[in-house]
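Work through these exercises with the sequence and the 3D view side by side. Try each task before you read its solution.

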Amino acid sequence: MTIADLIKSSEKTAFSFELLPPLKGNSIAKVFNTIDQLKEFNPLYINITSHRDEMEYKDTTNGLYERKVIRKRPGTVAVAASIQHSYGIKVVPHIICSGFTKSETEYALIDLNFLGIHDILVLRGDNANKDRFKAVSEQGNQYALDLINQVNELNTGKFLDGTFLDAFDTPFSYGVAAYPEKHEEAPNMDSDMHWLKQKVDAGAEYIVTQMFFDNEKYFDFVRRAREMGITIPIVPGLKPITLMNQLSVLPKVFHVDIPEAFAKEIRKCKNNDEVKQVGVEWCIQQSKELMQHNVPILHFYTMMATNSTRKVAEAIF
């Protein structure tokens with residue numbers, strides 16, 4: 001069954017989460033530790049993020065700076081395969097435009113096919129700088145819709161060099177991202193919803209939202225999506241706040257609002273331990289309300305929040 005099939009067939013609200021590959025040079029033990037803490041809640045699937053090269057400037061002995069391109073985390077393919085092999089839990093690696101050529105993407109998809117992994121999340125990915133997003137080169141995909149088209153063509157057996165081979169026995173099934181509070185580069189919400197509809201019409205089978213802290217924004221987003229004919233599952237993405245500085249960092253980095261009632265409680269905290277408790281309580285309230293509205297699955301972003309995610313899961317599952 002595909003992820004979309006599993007979501008649709010779930011008789012009650014299910015659980016899933018996203019995690020980061022370990023930093024280069026580190027073992028996969030930290031990833032496994034996260035899974036070990038959360039596997040008892042029967043995750044429907046685990047998302048594994050993908051990361052582009054990053055640029056760093058190194059000070060040289062002559063007073064100049066040397067630009068170096070490095071990749072800090074291993075590929076999502078290897079981590080996904082390791083998790084599937086070790087735990088038997090369905091994995092969903094991210095496939096992104098950012099930092100990858102079409103050829104690199106094709107080889108990643110071929111590897112995933114060999115490994116028996118056919119569920120992916122198709123994303124544009126983060127920009128490398130503050131300017132308008134640009135593909136890694138003219139050989140890269142500019143938009144998630146371009147990447148979807150590449151996946152669709154590969155599903156039919158068409159490769160980048162124009163050759164046609166037998167289509168994969170199991171085609172790739174994919175989900176896409178959405179933003180209840182609007183993507184930062186979209187001129188308005190209507191435009192953002194238009195492009196989401198294009199991705200759905202192209203073949204996306206489910207939608208996973210960016211994190212949000214106000215359920216009304218999710219409910220309004222779902223209403224708008226349904227009114228424009230989007231019928232596929234829309235999975236809410238949640239994150240327990242764990243640090244005081246996330247009160248300003250999360251809105252800046254992820255372009256999400258934090259309700260004043262929540263922000264006010266965080267400001268009362270004297271340390272991060274108190275912040276974690278407030279974050280867990282808020283996330284539990286969010287989760288319970290979403291479950292009352294019969295969402296098929298709750299998806300948690302676990303970065304720096306594994307223990308808190310576990311506490312939320314203990315309270316609601």
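**Exercise 1. The whole chain**

Of the contacts in the chain with a separation of 6 or more, what percentage joins residues 24 or more positions apart?

Solution. Start with the ground rules. This is a predicted model, where local features need pLDDT of at least 70 and side-chain atom pairs count only at pLDDT 80 or more, while totals for chains, interfaces and linings use all residues. Residues are numbered from 1 along each chain as its sequence is written, and side-chain values use heavy atoms, with hydrogens and water left out.

Next, the term: contact means heavy atoms within 4.5 Å. The share asked for is 74%.

Now add the secondary structure. The chain has eleven helices and ten strands. Both are DSSP runs numbered from the N terminus: helices are H or I with at least four residues, strands are E with at least two.

Last, burial. Buried means under 20% relative accessible area, exposed over 50%, and partly exposed in between (1.4 Å probe, protein chains only). Of the 317 residues in the chain, 49% are buried.

**Exercise 2. The cores**

Find the residues of the largest nonpolar core that touch the most other members.

Solution. First, the term. A nonpolar core is a set of buried Ala, Val, Leu, Ile, Met, Phe, Trp, Tyr and Cys residues joined through side-chain atoms within 4.5 Å. In general, nonpolar side chains tend to be buried together in soluble globular proteins.

The largest core holds 61 residues, and Ile-35, Ile-83, Ile-120, Ile-207 and Phe-300 touch the most other members. Helix α7 (residues 215-227) gives the most to this core, with five residues. Apart from this core lies another, of 31 residues, with Ala-4, Leu-44, Val-235 and Ile-266 among them.

Zoom in on Ile-120. Set aside its neighbours within four places in sequence. Its contacts then include Val-92, Leu-109, Val-151, Phe-172 and Tyr-206.

**Exercise 3. Two helices and their buried residues**

Where do the buried residues of α11 lie around the helix axis?

Solution. List them first. In helix α11 (residues 306-316), Thr-306, Ser-308, Thr-309, Val-312, Ala-313 and Ile-316 are buried. Seen down the axis, they fall within an arc of 160°, so they line one face of the helix. The arc is that of the directions from the helix axis to the C-beta atoms.

Then find the cover. It includes β1 (14-19), α2 (29-38), α10 (272-292) and β10 (297-301).

Turn to α2. Its buried residues are Val-31, Phe-32, Thr-34, Ile-35, Gln-37 and Leu-38. They pack against β1, β2 (46-48), α3 (76-87) and α11.

**Exercise 4. Two lysines**

Is Lys-197 buried or exposed?

Solution. Locate Lys-197 in helix α6 (residues 189-202). Its relative accessibility is 19%, so Lys-197 counts as buried. Leaving aside neighbours within four places in sequence, Lys-197 is in contact with Met-228, Gly-229 and Ile-230.

Now take Lys-276, in helix α10. Lys-276 has a relative accessible area of 35%, so this residue is partly exposed. With neighbours within four places set aside, Lys-276 is in contact with Ile-241, Thr-242 and Ser-308. Leu-243 is 33 residues away along the chain, yet its C-alpha atom and that of Lys-276 are separated by 6.8 Å.

**Exercise 5. Positive phi**

What is the phi of Met-304?

Solution. Recall the background: most residues other than glycine have a negative phi. The phi of Met-304 is near 60°, a positive value in a residue other than glycine. Met-304 sits in the loop between β10 and α11. Its relative accessible area is 56%, so Met-304 is exposed.

Asn-294 also has a phi near 60°, a positive value. Asn-294 is in the loop between α10 and β10. At 65% relative accessibility, Asn-294 counts as exposed.
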